[in-house]
Amino acid sequence: MAFWNRKPKTEQTRSLSLSDWSPDVVFDPHNPDSTLSISTVFAAVSRISSTIACLPVSLYQDVDGNKVKDPDHPLTDLVSIAPNPLMSGPDFWGAIVTSLLLTGNSFVRIVRSPVDASVKALVPLNAARVMVKPTEGGTSLLYFVEGFEEPLSKFDVFHVKGFSVDGIMGISPITTVRETFELAKHADRAAAAAMKNSARPSGYFESTLKFDEKVMDQFLADWKKRHGGTNTGSASFLPQGVKYTPLSMSVEDAGWISSRKFSRTEVSSLFHLPGFMVGELDRATWGNTEALGEDFSRLTLTPWIVRIEKAFNHQVLLPSEIRSGYYIKFNQAALLRASETERAKTQAVQIASGTLSPNEARRLEDRNLRTDPAGDSFQSPLNMRLDMTIPAPDTKEDPLE
């Protein structure tokens, strides 16, 4: 029986294999026409996807307003450790984000138990081979995947969309703004061609003397040996009658460099990525880099993370699990860790005000917990305690009266 049979009579027990999903990748890095062959696109996509992939993600349950982890829930290990036998958690989330950035969509096959519909595995699908169509009544969606005998229902697919016009399919930035990426691709190709086939000499020699061809070749070979490689910039001595003239950068070369900078700026803006993260350092300073890093977390990563969380909570969790308060959450606080001195000051204030317990602060620092009762206690300043009582007035007569 095929692994993807959606109505098995008994629960499948065999392991996943590469034949269980489309082996083709969305973009072939060895294909020169691939958008990932553009250095700025590769830097932007890998930066965003790798950062989100490395964030801690956990399954929580809201119990009377408290965020509690349920170690016995089937999804706990799937979202944080390994969603399927062939992928780790970071590999899985990184693949989802990469597909989102390049195609505007990410599709994941939800492998459920035929007994209780609990999730057994999450397997990414090739977004280029998935077609979404509404049902006849228009009340639901069907996912037609190349290689699958039957369409998959919404119950079987975890679909994350990027920017969308109709709310059904995300729009690929690669397709929508193709001219920008084509310009960046041509700039990269021109750079490679210039270095490979059209290398410009750094200068030329003039001489009032007539040189034999062998003498000239020997002179140039000696010059390269003395002043090339690690000897670049060393002092030189020229024979009488020989003059060396260095070549400066042409207007065409300067314009070409400017066009490459413009391409980096355009591509990074399409991915909402600060320029310094793709090598555009013209406006990066020691003073604003930290602020730009915070903007990267808030403005670049947060929209993608929220889309993934909302789609997962809505599509993967069962209605009964949603009613029970289950949800997944990425921990972005791991990206905004201040220096050790600043963290110590902040945590000291939070412990003194009763915002954190000592053990909660120690968890943030990845330290072992205190075993004494004070480790889980919360301090409360005297002027903020609700159980303060005003002493009863003295009933004795005032001796001054």
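**Cavities, ring pairs and helices in a predicted model**

About 40 Å³ of space lies in the second largest cavity. The model described here is predicted. The count comes to 2 cavities of 30 Å³ or more. The second largest cavity is lined by H73, L75, R112, A117, S118, V119, V316, L318 and E321. By class, this lining has 5 nonpolar, 2 polar and 2 charged residues.

Two of the lining residues, R112 and A117, have further features. R112 lies over the face of F155. The distance from the ring centre is 4.1 Å. A117 is placed in the loop between strand 3 (105–112) and strand 4 (119–125). Its phi is near 65°, a positive value in a residue other than glycine. Most residues other than glycine have a negative phi.

A second charge is set over a ring at K133. This residue lies over the face of F144, at 5.5 Å from the ring centre.

Aromatic contacts come next. The structure holds 6 aromatic pairs. In one of them, the rings of W93 and F312 have their centres 6.4 Å apart. Their planes meet at 55°, so the pair is tilted. A tilted pair falls between the stacked class, under 30 degrees, and the edge-to-face class, over 60. The pair links distant parts of the chain. W93 belongs to helix 3 (residues 89–103) and F312 to helix 8 (residues 289–315), with the two positions 219 residues apart in numbering. Both W93 and F312 are buried. Ring pairs also join these two residues with F92, F158 and F330 into a cluster.

Helix 3, which carries W93, is largely enclosed by the rest of the structure, because 11 of its 15 residues are buried. The buried residues are G89, F92, W93, G94, I96, V97, S99, L100, L101, L102 and T103. F92 and W93 thus appear in this buried list and in the ring cluster. The length of helix 3 was also checked. At 1.5 Å a residue, its 15 residues should span 21 Å. Its end C-alpha atoms are 21 Å apart, which agrees. Just after helix 3, G104 takes a positive phi of about 85°.

Helix 1 (residues 39–53) gives a matching result for its own length. Its 15 residues should span 21 Å at 1.5 Å a residue, and the end C-alpha atoms are 21 Å apart, which agrees. The buried residues of helix 1 are T40, V41, A44, V45, I48, S49, T51, I52 and A53. An α-helix has 3.6 residues a turn, so residues three or four places apart point the same way. Among the buried residues of helix 1 are V41, A44, V45 and I48.

Two loop residues are exposed. H272 is found in the loop between helix 7 (251–270) and helix 8. At 55% relative accessibility, H272 counts as exposed, since the cut-off is over 50%. Phi of H272 is near 55°, a positive value in a residue other than glycine. G147 sits in the loop between strand 6 (141–145) and strand 7 (152–153). Its relative accessibility is 75%, so G147 counts as exposed. The C-alpha atoms of G147 and R129 are separated by 8.8 Å. Along the chain, these two residues are 18 residues apart.

Terms used. Residues numbered from 1 in each chain as written. Predicted model: local features only at pLDDT ≥ 70, side-chain atom pairs only at ≥ 80, totals over all residues. Heavy atoms only, no water. Phe/Tyr/Trp six-rings, centres within 6.5 Å; stacked < 30°, edge-to-face > 60°. Helix = DSSP H or I, 4+ residues; strand = E, 2+ residues; numbered from the N terminus. Buried < 20%, exposed > 50% of the residue type's maximum accessible area, 1.4 Å probe, protein only. Lys NZ or Arg CZ within 6 Å of the ring centre and 35° of its normal. 1 Å grid on protein atoms, 1.4 Å probe; cavity = no way out; pocket = protein on both sides within 12 Å on 5 of 7 lines; lining within 4 Å. Points joined across faces, edges and corners; volume = space filled by probe spheres on them. Nonpolar A, V, L, I, M, F, W, Y, C, P; charged D, E, K, R; others polar. Expected span 1.5 Å × (residues − 1).
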